[in-house]
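I opened this entry to keep track of what I looked up in one model. The order is overall layout, core, single residues, surface, and the record.

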Amino acid sequence: MPAMTAEASEPAAGEQRQTPPAQPSGPARLIRKSRRFPLITRDTARPEGGGRAAPGAAPAPARQWPLLAVMGGVGLGLLIVALDAFRAGTVVIGLALLAGAFIRWALPEVGMLAVRSRFTDMLTYGLLGAAIVLLSLMAQPDPWVSIPFLDDVVHFTVR
């Protein structure tokens with residue numbers, strides 16, 4: 001059987017045209033041949049809830065207000081720390097992260113505040129925010145909160 005050239009799409013004289021197999025329709029068409037991920041990524045999926053937090057006609061800062069609110073809180077906390085109020089500033093930073101976890105839980109669309117899945121974002125923002133608040137309340141000198149178990153752990157590791 002003679003080979004077809006790249007330019008010719010018609011079969012040569014004497015050859016029969018081969019028809020491709022009929023494509024199944026319905027649910028059978030949706031079955032993938034392999035469960036493996038493709039070798040080349042052609043697109044990335046937006047995180048759940050990663051859509052705009054305001055309509056597309058709104059200016060860019062308004063569409064990303066959840067992220068800007070959290071970043072503004074962290075920035076305010078860093079400014080307070082820079083003004084020599086360490087404990088108050090770090091509490092503000094931790095509260096901003098806790099607010100980010102609440103916003104991620106409460107709103108269906110949060111723009112760029114959505115980085116991973118909703119559960120992972122809430123867990124990350126919440127744990128980091130709670131840890132920062134707790135550690136800032138326990139910071140020396142004159143801690144506002146004293147948790148004996150954590151004091152023992154710190155003293156054991158520092159000795």
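Before counting anything I fixed a term: a residue is buried when its relative accessible area is under 20%, exposed when over 50%, and partly exposed in between. The model is predicted, not experimental.

**Overall layout.** I looked up burial for the whole protein and found that 23% of its 159 residues are buried. The accessible surface is about 12400 Å², and carbon and sulfur atoms account for 66% of it. For secondary structure I noted five helices and zero strands. The order along the sequence is α-α-α-α-α. I then checked contacts between residues at least 6 apart in sequence; 52% of these join residues at least 24 apart.

**Core.** Which residues make up the largest nonpolar core? I listed nine: Leu67, Val70, Leu97, Ala101, Ile103, Val110, Leu113, Ala114 and Tyr125. Helices α2 and α3 (86-106) each supply at least two of them. The most comes from α3, which gives three residues.

I followed Leu97 from this core. Leaving out residues up to four places away in sequence, I found Leu97 touching Val70, Tyr125, Leu128, Gly129 and Ile132.

**Arg104.** I looked up Arg104, which sits in helix α3. Is Arg104 buried or exposed? Its relative accessible area is 0%, so I entered Arg104 as buried; the cut-off for that is under 20%. With residues up to four places away in sequence again excluded, the residues that Arg104 touches include Glu48, Gly49, Arg116, Ser117, Arg118, Asp121 and Met122. Arg104 also touches Val110, Leu113 and Ala114, and I had already listed these three in the largest nonpolar core.

**Surface patch.** On the surface I noted a nonpolar patch formed by Leu76, Leu79 and Leu83. Together they have about 310 Å² of accessible area. I placed Leu79 in helix α2 (residues 65-82). Leu79 counts as partly exposed because its relative accessibility is 48%.

**Record.** I checked the UniProt entry, which is unreviewed; its annotation "transmembrane region" covers residues 65-83, 89-107 and 119-139. I compared two of these spans with the model. Residues 89-107 are 95% helix and 0% strand, with the end C-alpha atoms 27 Å apart. For residues 119-139 I recorded 95% helix and 0% strand, and 30 Å between the end C-alpha atoms.

Notes: Residues are numbered from 1 along each chain as its sequence is written. This is a predicted model: local features need pLDDT of at least 70, side-chain atom pairs count only at pLDDT 80 or more; totals for chains, interfaces and linings use all residues. Side-chain values use heavy atoms; hydrogens and water are left out. UniProt positions are given in the numbering used here, feature names are shortened, and annotations may be inferred rather than shown by experiment. Helices (H or I, at least four residues) and strands (E, at least two) are DSSP runs, numbered from the N terminus. Patches are made of residues with over 30% relative accessible area and no salt bridge: like charges are joined within 9 Å, nonpolar side chains (Val, Leu, Ile, Met, Phe, Trp, Tyr) within 5 Å. Accessible areas come from the Shrake-Rupley method with a 1.4 Å probe; for residues, only the protein chains shown count as cover. A salt bridge is a side-chain nitrogen of Lys or Arg within 4 Å of a carboxyl oxygen of Asp or Glu. Buried means under 20% relative accessible area, exposed over 50%, partly exposed in between (1.4 Å probe, protein chains only). Contact means heavy atoms within 4.5 Å. A nonpolar core is a set of buried Ala, Val, Leu, Ile, Met, Phe, Trp, Tyr and Cys residues joined through side-chain atoms within 4.5 Å.
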